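Here's a friendly walk through one protein chain, question by question. Take a look at it first, then we'll dig in.

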Amino acid sequence: MRLSPLLLLLLFTTIISTPTTAHNITRLLSHHPSFSTFNHYLTLTHLADEINRRTTITVCAIDNAAMSDLLAKHPSIYTVKNILSLHVLLDYFGAKKLHQITNGTALAATLFQATGSAPGSSGFVNITDVKGGRVAFGPEDNNGKLGVFFVKSLEEVPYNISVIQISDAFPSDEAAAPTPEPSQMNLTDIMSAHGCKVFADTLLANREASNTYQDNIDGGLTVFCPMDDAFKAFLPKYKNLTASGKVSFLEFFGVPIYQSLSMLKSNNGLMNTLATDGASKFDFTVQNDGEEVTLKTRSVTAKIIGTLLDQQPLAIYTINKVLLPKELFKAEPPAPSPAPAADAPKSSDDDSAPSDSPADAPSDDDPADQTADDNAGVRLNGGRFVGVVVLSLCLRFLML
């Protein structure tokens, strides 16, 4: 049976365009009913989404009895999230690897450390082969005690995700510390304590903008906080803004939805801000290059350089530059061309005559628009290349 070229092309396109999910922790744990409580809280705290977005990861699961002991202390859901995030190792440890750890011990970073909620190195877990072929675990803030042990492997997808059972929850005072609800947190205190004091003080002094931030926390809020040196240098320009301009400018650094770092990496494109209002777009573009995430306006590209807090529904990140909304600041003009040499001979043509050369014609296009056009050209050419490859493959199938 021969397939028509059109049908073959559609089939090939469907295959290469169908999205795939590397793993689903909820589905994997559903095969193990004795871990249903642990699985339920991974979903409730949204840690399941974070686990599913990552690759090369190990989930240290505890059974229903161990979860009952943990919940008996009545921790808030935000504290439960911190505790369980300590049980997600950012590396692959299957049963075989656990028993073959180089030099018998390893220090693994956890999701608790990655979110920025863990002070110092408290978000790391020590894994050690002990006597009798047993593997022991101990959080770094547990005074070196290795009191939790590997029980068995539940699910392994080398080298993507490993789900293992451990004997009990990791004991950690830092992870188990009472965690206030996001609406009770003081945004400016958090920012001031982590290198964003100038921006925090400026926001605190503007009641309208400060109230907008606070009112949006419970519904979801992501804040991009410029570091002190960058914002301090910008203050003279800020002081020249109108009263309404200052409010819009400060609100420009907040996004009215929760965005974890992995979400920012996968959701590139335009993003509205707290300052967005009808015709006033006040948006910027999120773009990632590997692990680096940048925020772009018409004239500035800022990079996310740190995480102050990532606790749904609130995330706070530090950025290295001050974002400039196009509604308040014009794009920087291009550098002028160098003047001609004084002794350069004049052309025999009349200098006052207009030039017909396209290169000499003035352009009203914005530099950002020109860049967008160039990028569109690259995408078009790439699309033509892919089309040629697909067509070539189809023809080869037909000739078989």
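Q: How many bridges join E1 to E2, and do these strands run parallel or antiparallel?
A: Before we start, keep in mind that this is a predicted model. One pair to look at is Thr58, which stands opposite Leu89 in E2. E1 and E2 run antiparallel, and the number of bridges joining them is two.

Q: How many bridges join E1 to E7, and which way do these two run, parallel or antiparallel?
A: Here you can start from Ile57, which stands opposite Ile161 in E7. Five bridges join E1 to E7, and the direction is parallel.

Q: In what order do the seven strands of the open sheet sit?
A: The pairings of E1 with E7 and of E1 with E2 already give you a piece of it. Strands of a sheet pair through backbone hydrogen bonds, either parallel or antiparallel. In this open sheet the pairing is mixed, and the order is E2-E1-E7-E6-E5-E4-E3.

Q: Which strands stand at the edges of that sheet?
A: Look for strands with a single partner, because one side of each is then left without a neighbour in the sheet. That fits residues 88-89 and residues 105-109, which are strand E2 and strand E3.

Q: Which residue in E5 stands opposite Val125?
A: Strand E4 covers residues 124-129 and strand E5 covers residues 135-139. The two run antiparallel and are joined by five bridges. Across from Val125 in E5 you'll find Pro139.

Q: How many of the five residues of strand E1 are buried?
A: In a regular strand the side chains alternate between the two faces of the sheet. In E1, Ile57, Val59 and Ala61 are on one side and Thr58 and Cys60 on the other, and both faces are covered. The strand is largely enclosed by the rest of the structure, because the number of its residues that are buried is five of the five.

Q: Is Ile161 buried or exposed?
A: Ile161 is in strand E7, residues 161-166. Not counting residues up to four places away in sequence, its contacts include Ile25, Leu28, Ile51 and Tyr92. Its relative accessibility is 1%, and buried means under 20%, so Ile161 counts as buried.

Q: What distance separates the C-alpha atoms of Ile161 and Phe93?
A: Along the chain, these two residues are 68 residues apart. In space, their C-alpha atoms are separated by 8.3 Å.

Q: Which residue's side chain makes a polar contact with the side chain of His32?
A: His32 is found in the loop between helix H2 and helix H3. With a relative accessible area of 17%, His32 is buried. Not counting residues up to four places away in sequence, His32 touches Leu154 and Glu155. The polar contact, at 2.9 Å, is with the side chain of Glu155.

Q: Which residue does a cis peptide bond join to Pro158?
A: The place to look is the loop between strand E6 and E7. Omega of the cis bond is about -15°, and the residue joined to Pro158 is Tyr159.

Q: Is Thr56 buried or partly exposed?
A: Thr56 is in the loop between helix H4 and E1. Its phi is near 55°, a positive value in a residue other than glycine. With 34% relative accessibility, Thr56 counts as partly exposed.

Q: And what about His74, buried or exposed?
A: His74 lies in the loop between helix H5 and H6. Phi of His74 is near 55°, a positive value in a residue other than glycine. Relative accessibility is 70%, and over 50% means exposed, so His74 counts as exposed.

Q: What is the volume of the largest cavity?
A: Rolling a probe the size of a water molecule over the atoms shows where empty space is left. A search of the whole structure finds one cavity of 30 Å³ or more. Its volume is about 50 Å³.

Q: Which element gives the largest share of the lining of the largest cavity?
A: The lining residues include Lys81, Asn82, Ser85, Asp310 and Gln311. Helix H6 (77-85) and strand E13 (301-311) are the elements that give two or more residues. By class, the lining has two nonpolar, five polar and two charged residues. The largest share is three residues, and it comes from H6.

Terms used:
Residues are numbered from 1 along each chain as its sequence is written. This is a predicted model: local features need pLDDT of at least 70, side-chain atom pairs count only at pLDDT 80 or more; totals for chains, interfaces and linings use all residues. Side-chain values use heavy atoms; hydrogens and water are left out. Helices (H or I, at least four residues) and strands (E, at least two) are DSSP runs, numbered from the N terminus. Buried means under 20% relative accessible area, exposed over 50%, partly exposed in between (1.4 Å probe, protein chains only). Contact means heavy atoms within 4.5 Å. Two strands pair if DSSP finds at least two bridges between them. On a 1 Å grid over the protein atoms alone, a cavity is a set of points where a 1.4 Å probe fits but cannot get out, and a pocket is an open set with protein on both sides within 12 Å along at least five of seven lines; lining residues have an atom within 4 Å of a point. Grid points are joined across faces, edges and corners, and a volume is the space filled by probe spheres set on the points. Ala, Val, Leu, Ile, Met, Phe, Trp, Tyr, Cys and Pro count as nonpolar, Asp, Glu, Lys and Arg as charged, and the others, Gly among them, as polar. A polar contact is a pair of N or O atoms within 3.5 Å; within protein, one must be able to donate a hydrogen and the other to accept it, and residues adjacent in sequence count only if both atoms are side-chain atoms.
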